[in-house]
Amino acid sequence: MDEAAAAAQDAQRAPVCYRHPDRETGVRCTRCERPICPECMVSASVGFQCPECVRGGSGTGHAPAAARPRTLAGGTITADPRLVTKILIGLNAAVFLAQLSLGDTFTNRFELIGRAQFSLFGPVEGIAEGQYYRLLTAMFLHSPTSYTHILFNMLSLWWIGGPLEAALGRARYLALYFTAGLAGSALTYLLAEPNAPSLGASGAIFGLFGATGVLMRRLNYDLRPLIGLLVINLIITFYPGFNIAWQAHIGGLVAGVAVGYAMVHAPRERRTLVQYGICAAVLAVVVVLTLVRTTQLT
C-alpha cells in the first residue's frame, strides 16, 4: 500500500525540466514532448521547442543552422541567461559604494527631486530646472543610511529578474527594466512634493513583478505565491512611517504589466514591432508626464 501511495503521489507531481531537474513545469516541447522550463523554451510557430530539437533542425525543411534558438519572447538564447541581472546588481552596488564614500553631495546631485534648494545660498535644482537625468540616475541610488534598502531590492532583482531575463532575452529584459523604472520616476515626479527626494530601484523591480505575473499567467503557473509577495510589498509601500515613494512602485508596476503583456503575447509575425512599440508608447507617456509637471513647477 505504501508503494502504491508513493507511486500515486509521484504521478500527481508536476513534471520537471529535463535540463533543470529542480524546476517544475507544465510546458512540453511540441516535437519531443520533453518538459521544459522558461529558460529552455524556444518559441516555435506552434508552442515551444527544446534547445536539442531546435539544434537538430527546424522541422520545416531548413538546415539546422537556420533555426536560431529563441526565448519565449523571441530573444536569443545565451550561455549566461542572467548576465544582465548580474550587471544591474553590480551597478547598483557600485553606485551605493560611491554614495558611502562621497557622501550626501553625490546623492543630492543624482537623486530624484522636482525642484528644491539644498542650501540657503545655493542654486535651485531638480528636474524642473532641466536636470532630467535624475529620472534615470535615481534608479541606481539607495538610502546610504539603510543597508536593508539596497539589500532587499537586490535580492528581489536576483529572484525575479534572473528568471525573467532568461524568458525574455537580454534586449527585451533591459527594455522592460528601464521603461518600468522611468515610468516609476515620472509618476513620482508628477505626484510627489517637488522638494521631496526619491531614490531606489524599486520602480523597475515592481515592473519586473508585473511582467512576471503576466509571464506566469501565460504559462499557466500558479500565481498565488507571486500575488502574496506582491501584496506584502504593497502593504509595506503604503504603511505609515516607512516613507516609501509609492508613486514609483505603482508607476513601475503598471508599466511592467503593459510591457510584459506585449513581450509574451505579441503575435509572432510582428512580434518585435509590437514589443518595442509598446515600450515606446510607455516612454511617450513618461515624456508627457514629465513635461506636464515641469510646466506646473515653472
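Helix α6 gives the second largest pocket six of its lining residues, the largest share from any element. That is a handy way into this predicted model, since α6 turns up again in the largest pocket, where eight residues make it the top contributor.

## Two pockets and a cavity

Here are the three spaces side by side.

| Space | Volume | Nonpolar lining residues | Polar lining residues | Charged lining residues |
|---|---|---|---|---|
| Largest pocket | about 1200 Å³ | 24 residues | 19 residues | no residues |
| Second largest pocket | about 560 Å³ | 14 residues | two residues | six residues |
| Largest cavity | about 60 Å³ | six residues | three residues | two residues |

Let's take the largest pocket to begin with. Its lining runs to 43 residues, and the ones nearest the centre are H149, S202, I244, A245 and H249. Which helices chip in with at least two residues each? They are α6 (147-168), α7 (170-191), α8 (202-218), α9 (224-238) and α10 (246-265). If you go looking for a charged residue in this lining, you won't find one: there are 24 nonpolar and 19 polar residues, and no charged ones.

Now for the second largest pocket, with its volume of about 560 Å³. It has 22 lining residues, and P38, P163, T212, M216 and Y221 sit closest to its centre. Two or more residues come from each of α6, α8 and α9. Charged residues do show up here, six of them, next to 14 nonpolar and two polar ones.

## The cavity and R293

How many cavities of 30 Å³ or more are there? The count is one, and its volume is about 60 Å³. Around it you'll find L112, I113, G114, T188, Y189, A192, E193, P194, A196, S198 and R293. By class, that makes six nonpolar, three polar and two charged residues.

R293 deserves a closer look. This arginine belongs to helix α11 (residues 271-297). Is R293 buried or exposed? It's buried, and yet it has no salt bridge. E193 carries the nearest side chain of opposite charge, but that is 5.8 Å away. Both R293 and E193 are on the list of residues lining the cavity.

So what does the R293 side chain reach instead? One partner is the backbone oxygen of A192, at 3.0 Å. Another is the backbone oxygen of L190, which lies 3.4 Å from a polar atom of the R293 side chain. A192, like R293, is among the residues that line the cavity.

Note on methods. Residues are numbered from 1 along each chain as its sequence is written. This is a predicted model: local features need pLDDT of at least 70, side-chain atom pairs count only at pLDDT 80 or more; totals for chains, interfaces and linings use all residues. Side-chain values use heavy atoms; hydrogens and water are left out. On a 1 Å grid over the protein atoms alone, a cavity is a set of points where a 1.4 Å probe fits but cannot get out, and a pocket is an open set with protein on both sides within 12 Å along at least five of seven lines; lining residues have an atom within 4 Å of a point. Grid points are joined across faces, edges and corners, and a volume is the space filled by probe spheres set on the points. Helices (H or I, at least four residues) and strands (E, at least two) are DSSP runs, numbered from the N terminus. Ala, Val, Leu, Ile, Met, Phe, Trp, Tyr, Cys and Pro count as nonpolar, Asp, Glu, Lys and Arg as charged, and the others, Gly among them, as polar. Buried means under 20% relative accessible area, exposed over 50%, partly exposed in between (1.4 Å probe, protein chains only). Lys and Arg count as positive and Asp and Glu as negative; His and the chain ends are not counted. A salt bridge is a side-chain nitrogen of Lys or Arg within 4 Å of a carboxyl oxygen of Asp or Glu. A polar contact is a pair of N or O atoms within 3.5 Å; within protein, one must be able to donate a hydrogen and the other to accept it, and residues adjacent in sequence count only if both atoms are side-chain atoms.
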